[in-house]
Structures are given as C-alpha cells and as structure tokens.
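Please look through the sequence and the coordinates shown here before reading on. The paragraphs after them are meant as a guide for someone meeting this structure for the first time.

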Amino acid sequence: MTGTAAGFVLGFLLSTIYSALFHLFVGGPLKRLLLYILAAWLGFALGHIVGDWLAIDWLKLGALHLFSASLGTWIALFASWWLAQPPPKD
C-alpha cells in the first residue's frame with residue numbers, strides 16, 4: 001500500500017471515529033450519524049488541503065496533516081450539528 005493510499009484510509013478511519021464519538025456525545029437519530037460522517041469526511045479532506053496549502057507541519061504523519069485535518073473535522077461536525085438544529089418555536 002502506498003503512502004497516499006495509507007493516508008487516505010487513515011483519514012477515512014479517523015474521521016469516521018471522530019463522527020461516531022461526536023454522535024455518541026450529542027445523540028440523535030441514525031440519519032444524524034450519517035450527516036456527521038459525511039461532514040467529518042468533508043471536514044477532514046478540507047482541513048488536510050488547508051494544512052498542506054498553509055504548510056502546517058504540526059502533527060504530520062507522512063503526507064497527512066493530522067492537526068489541520070482533525071481541526072477541520074471538528075469544525076465541520078460542530079457546524080453540521082448547529083445547522084441541523086430545529087428552528088426555535090415561538
């Protein structure tokens with residue numbers, strides 16, 4: 001397995017674990033878990049890209065920018081949780 005493929009698999013695994021833990025703490029129906037998984041995948045990818053673009057080498061594993069990718073994941077998870085909240089009732 002090449003370094004790129006290993007980073008890709010590790011990224012999917014980490015972001016899926018992050019989303020499962022997030023869902024465990026905030027709760028909700030199963031479709032919210034699917035939303036969190038998709039948001040985590042997207043946030044991880046965008047965080048990695050931003051970390052590569054800005055050359056953030058803190059917590060870098062091979063070619064994978066773990067710090068910025070993890071930060072992107074958590075930002076995406078909290079944003080998806082906030083956007084999925086039902087509107088307040090008057």
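What follows moves from the chain as a whole to its helices, its surface, its strands and finally its end.

The model is a predicted one, and the predictor's confidence for the protein chain averages a pLDDT of 91, with 97% of the residues scoring at least 70. Among the elements of the chain, H3 has the highest mean pLDDT, 96, while strand E1, made of residues 60-61, has the lowest, 86. Where pLDDT is low, the predicted coordinates should not be read in detail.

The protein chain contains 3 helices and 2 strands, and along the sequence these elements follow the pattern α-α-β-β-α. The C-alpha trace spans about 50 × 25 × 15 Å along its principal axes. Of the 90 residues, 31% count as buried, and if one takes the contacts with a separation of 6 or more, 57% of them join residues that are 24 or more positions apart.

Helix H2 covers residues 30-53, and its length can be checked with simple arithmetic: at 1.5 Å a residue its 24 residues should span 34 Å, and because the C-alpha atoms at its ends are 35 Å apart, the two values agree. Several residues of H2 are buried, among them Arg32, Tyr36, Phe44 and the glycines Gly43, Gly47 and Gly51. After H2 comes alanine 55, which has a positive phi, near 55 degrees.

Turning to the outside, the protein chain exposes about 6200 Å², and carbon and sulfur atoms supply 77% of that area. One part of this surface is a nonpolar patch of about 1200 Å², to which Val9, Leu13, Ile17, Leu21, Leu24, Phe25, Val26, Phe78, Trp81, Trp82 and Leu83 belong. Two elements give two or more residues to the patch, namely helix H1, residues 3-26, and helix H3, residues 66-83. The largest share, 7 residues, comes from H1, and leucine 13, one of the patch residues, lies in that helix.

Is histidine 65, in strand E2, buried or exposed? Histidine 65 has a relative accessible area of 1%, and because buried means under 20%, this residue counts as buried. The strand to which histidine 65 belongs, E2, consists of residues 64-65. Leaving aside residues up to four places away in sequence, histidine 65 touches His48, Gly51, Asp52, Ile56, Asp57, Leu59 and Lys60. One of these partners, Gly51, is itself among the buried residues of H2.

Two other partners of histidine 65, Asp57 and Lys60, are also joined to each other, for aspartate 57 forms a salt bridge with lysine 60 in which the closest N and O atoms are 3.9 Å apart. A search of the whole structure finds 1 salt bridge. Lysine 60 has a relative accessible area of 39%, so this residue is partly exposed, a class that lies between under 20% for buried and over 50% for exposed.

The last residue to visit is lysine 89, which is placed in the segment after H3. Its relative accessibility is 82%, and therefore lysine 89 counts as exposed. Measuring from C-alpha to C-alpha, lysine 89 and leucine 59 are 44 Å apart in space, although 30 residues separate the two in sequence.

Note on methods. Residues numbered from 1 in each chain as written. Predicted model: local features only at pLDDT ≥ 70, side-chain atom pairs only at ≥ 80, totals over all residues. Heavy atoms only, no water. Helix = DSSP H or I, 4+ residues; strand = E, 2+ residues; numbered from the N terminus. Buried < 20%, exposed > 50% of the residue type's maximum accessible area, 1.4 Å probe, protein only. Contact = heavy atoms within 4.5 Å. Expected span 1.5 Å × (residues − 1). Areas by Shrake-Rupley, 256 points an atom, 1.4 Å probe, with all protein chains shown as cover. Patch = residues over 30% accessible without salt bridge, like charges linked within 9 Å, V, L, I, M, F, W, Y side chains within 5 Å. Salt bridge = Lys/Arg side-chain N within 4 Å of Asp/Glu carboxyl O. pLDDT = per-residue confidence, 0-100.
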